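Visitor: I would like a walk through this structure. Please tie each term to its cut-off.

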Amino acid sequence: MVLEITRKASLLARLAAHGLRLACSSLRRVLSTQWASLTMRRPSVPTHPSEVKNVVVAGASFAGYFAARLLATSLPKDGRYRVVVIEPNSHFNFTWIMPRFCVVGGHEHKAFIPYTPAFFSQAPKGMVRWVQDRVTGVRKNAVVLRSGDEIPFEFLLIATGSTMANGLPSRVGVEDKAGGIERLKSMQARIREATRLVIAGGGAAGVELATDAKSQYPDKSVTLVHSRQAVMSRFGPGLQKSAMEALQKLGVDVVVGEKVQAPTADGKFITLSSGRQLECDCLINCTGQKPASGLVAEIAPHALAPSGRIRVKPTLQIDDDSLPNVFACGDVAETKVSNQNARTSARQAEVAADNIVQMARGRVPSYTYEPAWQDEVISLTLGLGQSITEIWDGRAELLFSRPEKDLAPMCERAWRSLACKPFEDTGVYSDHQM
Ligand SMILES: Cc1cc2nc3c(=O)[nH]c(=O)nc-3n(C[C@H](O)[C@H](O)[C@H](O)COP(=O)(O)OP(=O)(O)OC[C@H]3O[C@@H](n4cnc5c(N)ncnc54)[C@H](O)[C@@H]3O)c2cc1C
């Protein structure tokens, strides 16, 4: 008991120390940027537009969007550099809330946050160029876009995250907001019309979807099938237990140690790996998220790890000495993080951006990324009225349960942190708004 209390106290102390370190690192960045702009000698002749060097950021989500802002405010302000963001989505897709909006209607628009020049308000005018497109190929010094355009780069940051072949509940699978809303509504209708729901995958998305569906529709049969012996198996034992208890309290049937194989020929049942069959008129797959790492398959195939992620050095340069100017961060990068999330992505974005800025100033990149359990804190909804937060260092675990009244939790905060007024859509990003 005493040992347990000591461990938990030490956990909180180390969490606070981590917060302090992050605050110091932000302060260091602000001071070094200020210092660099004060001491930088302005070129006597302005840089000709054809000589401006591009720092290309592929993907604008928790990794790329935040990295782009750091780059835009920290790169030398003498006109030699410009940040080019390439992102196919019309709006920032707030993935965390997608399972909730697969069940609950009327809030879908809140999952699509406008990309806005206001996010870059601290950057010099003209420093950011926004390109709504998809990178389809990477050459040594240029990226190729789906439109056929080619954009040369001095530095490239790959922040293309993960994809989900089946789309929802983790990704909408379309690039425009209207299409995304349509997909969410059609998933809501599928769930509303079903009587026997089977959800495959007992990770965060599966647990959230199953508890939400059963809270909203207590009379439907909801079964969650998970291949491991406990749901939320990548997290601490306390969170696994709390999630299981919440599922059972709501009346969700949980089947562990099984995988969903295929629907039967008549489509009325699904078969599990043991051969057992479950009656089902709506199967939702919450497994199969994959890193969107295909961009390096040609240029640096050996940098692809068995996980499908891009191998990186501690500096977040990709693990290929012939490509020192190419970086990767976020879900697409192999960084030995156990549970990738928005915080780990944003922390990696800082390291990658800082190193690019150092190189742009003619220095050797010296910042390194080390995984920290403090960044892997998770909050999970357990039905429409409850959520739980876990802090776990691999030994001690702290859990905080709380009632949750908001049907769109965290959305307002997400909009504000992306420099948007909730929930005012300012439209698709345009450079002309800068
Ligand atoms: C259902 C769900 C719930 C989650 N809940 C939480 C949570 O509560 N807390 C938390 O911290 N984390 C949570 N996460 C994890 C978190 O969302 C991810 O870790 C985070 O989004 C990773 O950010 P990223 O920028 O690396 O990649 P992503 O968010 O995957 O973004 C990648 C971006 O790159 C773009 N892109 C892809 N390919 C290309 C290309 N070829 N060219 C240009 N752009 C491209 C995409 O359009 C996208 O905008 C959750 C994830 C899911 C799926």
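What follows is a short exchange about sheets, helices and a ligand shell.

Guide: Two ground rules come before the tour. Residues are numbered from 1 along each chain as its sequence is written. The model is predicted: local features need pLDDT of at least 70, side-chain atom pairs count only at pLDDT 80 or more, and totals for chains, interfaces and linings use all residues.

Visitor: What makes strand 1 and strand 2 a pair?

Guide: Strands (E, at least two residues) and helices (H or I, at least four) are DSSP runs, numbered from the N terminus. Two strands pair if DSSP finds at least two bridges between them. Strand 1 (residues 53-58) and strand 2 (residues 81-86) have 6 bridges, in the parallel sense, so they meet that definition. Val 56 has Val 84 of strand 2 as its bridge partner.

Visitor: Which sheet do they belong to, and in what order do its strands run?

Guide: An open sheet of 5 strands, in the order 5-2-1-9-20, with parallel pairing. Strands of a sheet pair through backbone hydrogen bonds, either parallel or antiparallel.

Visitor: Why are strand 5 and strand 20 called edge strands?

Guide: Strand 5 (128-131) and strand 20 (326-328) each pair on one side only. The twist averages 20° from one strand to the next. Axes here are lines fitted to C-alpha atoms, for helices over the stretch in contact, and angles run from 0 to 180 degrees between N-to-C directions.

Visitor: What joins strand 9 to its partners?

Guide: Parallel bridges: 4 to strand 1 and 3 to strand 20. Ile 158 of strand 9 stands opposite Ala 58 and also opposite Ala 328 in strand 20.

Visitor: How do you know that both faces of strand 9 are covered?

Guide: A residue is buried if 20 or more other C-beta atoms, placed from the backbone, lie within 10 Å of its own. Phe 155 and Leu 157 on one side are buried, and so are Leu 156 and Ile 158 on the other.

Visitor: Which helices touch this sheet?

Guide: Helix 2 (residues 64-74) lies across strand 1, strand 2, strand 5 and strand 9, at about 160° to strand 1. Helix 7 packs on the sheet too, touching strand 1, strand 2, strand 9 and strand 20, and makes about 175° with strand 9. Contact means C-beta atoms, placed from the backbone, within 7 Å.

Visitor: What makes a residue part of the ligand shell?

Guide: Its C-beta atom, placed from the backbone, must lie within 6 Å of the molecule. The shell holds 34 residues, and the closest are Gly 59, Ser 61, Gly 161, Gly 330 and Asn 341. Helix 3 (98-101), helix 5 (204-216) and helix 7 (342-360) each give two or more residues. Helix 7 gives the most, with 3.

Visitor: How does the shell divide by residue class?

Guide: Into 16 nonpolar, 14 polar and 4 charged. Ala, Val, Leu, Ile, Met, Phe, Trp, Tyr, Cys and Pro count as nonpolar, Asp, Glu, Lys and Arg as charged, and the others, Gly among them, as polar.

Visitor: What makes the sheet of strands 22, 23 and 24 antiparallel?

Guide: Its pairing: 3 strands form an open sheet in the order 22-23-24, and the pairing is antiparallel. Strand 23 (residues 386-392) is joined to strand 24 by 7 bridges. Ile 388 stands opposite Ser 401 in strand 24. Helix 6 (residues 237-250) lies across strand 22, strand 23 and strand 24, at about 30° to strand 24.

Terms used: Two residues are in contact if their C-beta atoms, placed from the backbone, lie within 7 Å. A residue is buried if 20 or more other C-beta atoms lie within 10 Å of its own, exposed if 12 or fewer, and partly exposed in between; C-beta atoms are placed from the backbone.
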